[in-house]
Amino acid sequence: MAQESLDALVSAAGNIPAYILGAPYELPLAGRTNSVWGLLGQHGFPTLSVPAGFTTQVFDRVRDAAAPGGRRLVGPVSAKLPVGIMFFGRPFSEPTLFRIASAYEAATKHRIPPPNFGSIPEP
């Protein structure tokens, strides 16, 4: 990042759809996990995820004893699931990440409060 004079890098926050609350835990498909970003934070590289919109369709896994591994993909299925964008920077660059993420959120307006959450009072 220093060599290229970059303040931050950006990536999708994950590539695995959110789990269904209350559903049985499903193992990651083909070994995919979202753990790499957490590992960066553990090594001193700050990360910050903010809303980046919503999906319109997803593929889902269902149990199927006849399928390889006991699961198969179905879809696409209409679904509105949140998608995040991840910013990560140099060690000790948290203030810069907050400014970048705040500017992104202000420009895109992707964040939608959950229903019945209520408004956040202005300072």
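Start by selecting residues 94–108: this is helix α2, which lies across β1, β2 and β5 and runs at about 10° to β2. Keep in mind as you click around that the model is predicted.

Now hide the helix and look at what it lies across. You should see an open sheet of three strands, in the order β1-β5-β2, with antiparallel pairing. Select 8–12 for β1 and 47–54 for β2: these two stand at the edges with a single partner strand each, so one side of each has no neighbour in the sheet. Going from one strand to the next, the twist averages 25°.

Next, add residues 82–89, which make up β5, and follow the antiparallel pairing with β2 over six bridges. For a spot to zoom in on, pick Val 50, which stands opposite Ile 85 in β5.

Bring the helix back and turn on the aromatic side chains. How many aromatic pairs are there? The count comes to one. Show Phe 87 and Tyr 104: the ring centres are 5.8 Å apart and the planes meet at 65°, and since an angle over 60 degrees counts as edge-to-face, that is what this pair is. The pair links distant parts of the chain, with Phe 87 in strand β5 and Tyr 104 in helix α2, 17 residues apart.

Colour those two by accessibility. Is Phe 87 buried or exposed? Phe 87 is buried, at 6% relative accessibility, while Tyr 104 is partly exposed, with a relative accessible area of 21%.

Last stop: select Lys 80 and Phe 54. The charged end of Lys 80 sits over the Phe 54 ring, 5.0 Å from the ring's centre.

How values were computed
Residues are numbered from 1 along each chain as its sequence is written. This is a predicted model: local features need pLDDT of at least 70, side-chain atom pairs count only at pLDDT 80 or more; totals for chains, interfaces and linings use all residues. Side-chain values use heavy atoms; hydrogens and water are left out. Two strands pair if DSSP finds at least two bridges between them. Helices (H or I, at least four residues) and strands (E, at least two) are DSSP runs, numbered from the N terminus. Axes are lines fitted to C-alpha atoms, for helices over the stretch in contact, and angles run from 0 to 180 degrees between N-to-C directions. Contact means heavy atoms within 4.5 Å. Rings of Phe, Tyr and Trp (its six-membered ring) pair if their centres lie within 6.5 Å; planes under 30 degrees apart count as stacked, over 60 as edge-to-face and the rest as tilted. Buried means under 20% relative accessible area, exposed over 50%, partly exposed in between (1.4 Å probe, protein chains only). A charge sits over a ring if NZ of Lys or CZ of Arg is within 6 Å of the ring centre and within 35 degrees of the ring normal.
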